[in-house]
Amino acid sequence: MKQRLCVVLLMALVCMGAVGKKKVTKQELWPNGEPMSEWFSDTVKVNVDDLGKKYVLTSYGVRQGTTDIQTREIQAVIDKAAQEGGGVVVVPKGTFYSGSLFFKQGTHLYLEEGAVLKGSDRVHDFEIRETRIEGQTCKYFVALVNADGVDGFTICGKGTIDGNGQDYWEEFWIRRQWNPQCTNKDAQRPRLTYISNSKNVTIQDVRLINSPFWTNHIYRCDHVRYLDLYIYSSTQGIKGPSTDAIDIDACHDVVVRGCYMNVNDDAVVLKGGKGTFADKAPENGPCYNILVENCHYGTVHGCMTLGSESIHDWNVIMRNCVADDTNNVLWLKMRPDTPQHYEYVLVENFTGKCRNCLLIRPWTQFYEKQEREDMPLSQCNNVTFRNIRMECGNFFNVAGSDKYALKDFTFESIDVKDFAKEKAFTQRPIDNLILKSVVVNGETIE
């Protein structure tokens with residue numbers, strides 16, 4: 001009996017020792033203090049071999065080496081995969097031209113290295129359906145790759161989705177020259193990818209280039225991952241207008257990790273609706289729990305932009321990134337015609353060059369204010385910049401307004417070169433502005 005008791009005690013001590021030596025991982029928190037789920041730290045990519053049967057386009061009558069638009073033939077392969085229980089539509093090496101394609105539940109897209117899925121340069125090859133565009137639900141041209149209500153949808157591989165956008169761009173600038181008020185929707189163009197009402201989505205490793213309009217757009221999705229992507233549109237010569245890299249529209253739990261973005265507009269954009277009554281429209285919604293990390297920005301307008309079609313965004317983190325030539329690191333667009341609330345935003349561990357590190361100004365593009373007696377006052381609060389080492393045209397480009405309130409901003413461990421004429425923080429239109437170890441041009445700012 002005593003011997004058995006000793007064994008039990010010894011085993012208990014061993015277990016206690018094992019527990020004592022167990023590595024404790026610190027729980028990551030969102031800026032508002034809520035715990036970040038383990039999903040955000042999962043870096044394992046999707047294995048295409050786990051996604052089911054492979055349907056190689058050329059095995060089902062799709063021809064390689066032709067400039068013919070083969071939308072019907074490619075869609076037939078997608079439909080066949082869906083009818084047979086799902087699987088992976090494989091684009092083999094070569095170039096395949098198409099108009100709008102619609103993926104269905106259980107289907108996925110894989111692009112082999114050297115494969116190019118190339119969009120038609122004529123807008124009539126893209127269907128007009130009810131969709132979401134620029135903060136509104138309306139009938140408009142859909143994208144090259146579309147997926148609605150397709151949980152678990154994956155786009156992967158080392159190949160390329162090319163929007164073939166040059167002719168669309170040129171037409172846009174011609175229209176804009178003729179009519180300076182020409183809107184994005186007036187110059188009809190398809191997007192590159194549009195995914196809506198879906199969860200557990202992954203887009204990884206592919207090249208997404210030359211989109212006629214927005215490059216990636218998700219709407220009412222959650223648990224979406226953009227991993228190690230190359231996203232590009234022209235920023236010289238004939239520039240790609242409004243070719244945002246990733247538009248996140250009324251979504252939550254989104255990761256953008258390890259991506260390179262060079263586009264003639266904003267990189268990561270949070271959207272959710274616009275207009276005087278946008279907060280009351282059921283098709284609109286907030287964006288929250290957004291993590292952008294380990295990304296590299298070439299030329300972009302904003303590394304992270306909240307607006308111009310946002311109503312409420314919170315728990316947004318952008319960290320461990322480098323910018324080669326960005327206009328703005330964080331751009332908070334304030335629409336006087338829309339009730340907006342941006343809060344709990346963290347920018348940390350950022351290096352490179354920018355025109356403005358923080359830009360907050362009224363945004364009145366395509367402005368259309370209606371009368372509303374109970375119009376809420378827009379506001380930005382609990383915004384933090386930490387560990388910033390950059391060269392800036394203007395580090396702190398912030399304007400106050402009677403249309404919005406700014407409060408509880410923190411700048412901590414900042415060391416920047418600022419080429420603005422006015423000394424940083426001379427104007428302080430922020431209530432409760434906290435500066436900790438802020439060095440601008442070698443001078444500590446208090």
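**Note on pockets and cores**

1. In this predicted model, the second largest pocket has a volume of about 310 Å³. Its lining is made up of 16 residues, and those nearest the centre are Glu 130, Thr 131, Asp 148, Tyr 194 and Ser 196.

2. Four strands each supply at least two residues of that lining, namely strand 4 (101–103), strand 7 (128–133), strand 9 (145–148) and strand 12 (193–196), with strand 7 giving the largest share, 4 residues. By residue class, the lining of the second largest pocket divides into 6 nonpolar, 5 polar and 5 charged.

3. The largest pocket has a volume of about 380 Å³, and among the 25 residues that line the largest pocket, Asn 184, Ser 242, Asp 265, Trp 363 and Gln 365 are the closest to its centre. Two or more lining residues come from each of helix 3 (166–178), strand 21 (268–271) and strand 24 (312–334), and helix 3 gives the most, with 3 residues. The lining of the largest pocket holds 8 nonpolar, 7 polar and 10 charged residues.

4. Turning to the interior, the largest nonpolar core has 104 residues, and Met 261, Tyr 297, Phe 350 and Phe 411 are those with the most contacts inside it; strand 26 (residues 378–398) contributes the largest share of this core, 9 residues.

5. Leaving aside residues up to four places away in sequence, Phe 350 touches Tyr 297, Cys 303, Met 318, Cys 321, Ala 323, Val 329, Asn 387, Ile 388, Arg 389 and Met 390. A second, separate core has 8 residues, including Met 36, Leu 227, Leu 291 and Ile 317.

Technical notes. Residues are numbered from 1 along each chain as its sequence is written. This is a predicted model: local features need pLDDT of at least 70, side-chain atom pairs count only at pLDDT 80 or more; totals for chains, interfaces and linings use all residues. Side-chain values use heavy atoms; hydrogens and water are left out. A nonpolar core is a set of buried Ala, Val, Leu, Ile, Met, Phe, Trp, Tyr and Cys residues joined through side-chain atoms within 4.5 Å. Buried means under 20% relative accessible area, exposed over 50%, partly exposed in between (1.4 Å probe, protein chains only). Contact means heavy atoms within 4.5 Å. On a 1 Å grid over the protein atoms alone, a cavity is a set of points where a 1.4 Å probe fits but cannot get out, and a pocket is an open set with protein on both sides within 12 Å along at least five of seven lines; lining residues have an atom within 4 Å of a point. Grid points are joined across faces, edges and corners, and a volume is the space filled by probe spheres set on the points. Ala, Val, Leu, Ile, Met, Phe, Trp, Tyr, Cys and Pro count as nonpolar, Asp, Glu, Lys and Arg as charged, and the others, Gly among them, as polar.
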